[in-house]
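Q: I have a model open and want to learn to read its helix packing and its sheet. Can you take me through them?

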Amino acid sequence: MRFLLPLCGLAIFLSSASAQTTKKLIEFGWDEPDAAFMRKHIATMEQMPFDGTVFTLTADFLAQGWSKRAFTEGELRQAADDLKMTPIKKFTHNFLRFDVTPGDVDWFDDFSPIVSNARLAAKIAREGHAAGVMFDIEQYNARPFNYQKQRDAKTKSWDQYAAQAKNRGREVMKAFQDGYPDLIVFTTWAYTLPHMQSGGDPAKLPQADYGLLKPFLDGMFEVATGKTKIIDGFESSYGYKDPKQFEQIPPVMKQHPEHGSQSFGLWMDNDWRSKGWDVNDFAKNYFTPEQFETSLKKALATTDEYVWVYTEEPKWWTPPDAKPSKLPQAYMDAVRRAAGK
């Protein structure tokens, strides 16, 4: 984000059909609701073809969760209460967003505020009947996963920073699980990003923009317990048009089959800054409705469990009445058909 047959035998058929029903479609974009909006408009939102959405608690918490500021339950009580009081019926797979912003804490600094905020986010997600946390690891401000940008990179080696990032991964994951045992941590990217940036060569991680994400994730997986899942949202699939692309991603999440899961994100108005977003002439957009439907069907067929649809210009729900904006019916119908809803 700037600011994813022929069958023989009745048993096989039933098994496949059952597996298909487990696929879930999540909405995540610039129309991201807060808890108060969800409480007021959830009935309207649930008319859309999704199984859930990504939401925020407060703007302050989103912008300062990864900082030296430790939030208190009192500061977030109203948002937490709104979430608890949201009469959810269909959207049973909502995710509370937690960013690495502003990201101005060195890995060797006091991490207790970040750990506390992670625990609190997970606790509120659990009490609000969310599926877990959307852990947005994109470096919007500082670059915590870039070794070259670290405060003490000139005096501390890559190995030292990697070991410390792994320790922090353990701490953050333990905090998530303390607040919400068996939660889902849905990342915008996981192992696939540092793997692609380094060409699969660990020796190149010190030069990769997200090199330290690899040891950080290693720490998270090391302490994952129970039914906890860490999902690689694979934002890199935003613009996939060729169905074959979904089958060619690095299989790096398979190294953690018990707690890891592969997902895909698709950006409906991909590249709109250069191509524009035309609500009348769909041929001018990156995806036509038909192309988006094809990609979304393939993503849902290929993913382990989740796919997410990202939008910026088109919005599925907007204030004050939660109605769509700049979202042609043809695109809405394409998503509905692809999701079978």
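Q: Which hand does the crossing of α5 and α6 have?
A: This is a predicted model. In it, α5 and α6 cross in the right-handed sense.

Q: At what angle do the axes of α5 and α6 cross, and how should I describe it?
A: Helix α5 covers residues 112-127 and helix α6 residues 158-179. Their axes cross at roughly 30 degrees and come within 7 Å. Angles under 35 degrees count as roughly parallel, so α5 and α6 are roughly parallel to each other.

Q: Which residues make the contact?
A: From α5 come Ile-114, Val-115, Ala-118, Arg-119, Ala-122, Lys-123 and Arg-126. From α6 come Glu-171, Val-172, Ala-175, Phe-176, Asp-178 and Gly-179.

Q: How do the residues of that contact divide by character?
A: The contact of α5 with α6 has 7 nonpolar, 1 polar and 5 charged residues.

Q: Now the sheet. What is the strand order?
A: Strands of a sheet pair through backbone hydrogen bonds, either parallel or antiparallel. Here the pairing is parallel, in an open sheet of 9 strands. The order is β7-β6-β5-β4-β3-β2-β1-β9-β8.

Q: Which are the edge strands?
A: They are β7 (260-262) and β8 (264-267). Each pairs on one side only.

Q: How are neighbouring strands turned against each other?
A: By 25 degrees on average, direction ignored.

Q: How many bridges join β8 and β9?
A: There are 4 bridges, in the parallel sense, with β9 spanning residues 306-311. As one example, Gly-265 has Trp-308 in β9 as its bridge partner.

How values were computed: Residues numbered from 1 in each chain as written. Predicted model: local features only at pLDDT ≥ 70, side-chain atom pairs only at ≥ 80, totals over all residues. Heavy atoms only, no water. Axes fitted to C-alpha atoms, helices over the stretch in contact; angles between N-to-C directions. Helix = DSSP H or I, 4+ residues; strand = E, 2+ residues; numbered from the N terminus. Parallel < 35°, antiparallel > 145°, perpendicular 65-115°, else oblique. Left-handed = near helix turned anticlockwise from the far one by under 90°. Contact = heavy atoms within 4.5 Å. Nonpolar A, V, L, I, M, F, W, Y, C, P; charged D, E, K, R; others polar. Pairing = 2+ DSSP bridges.
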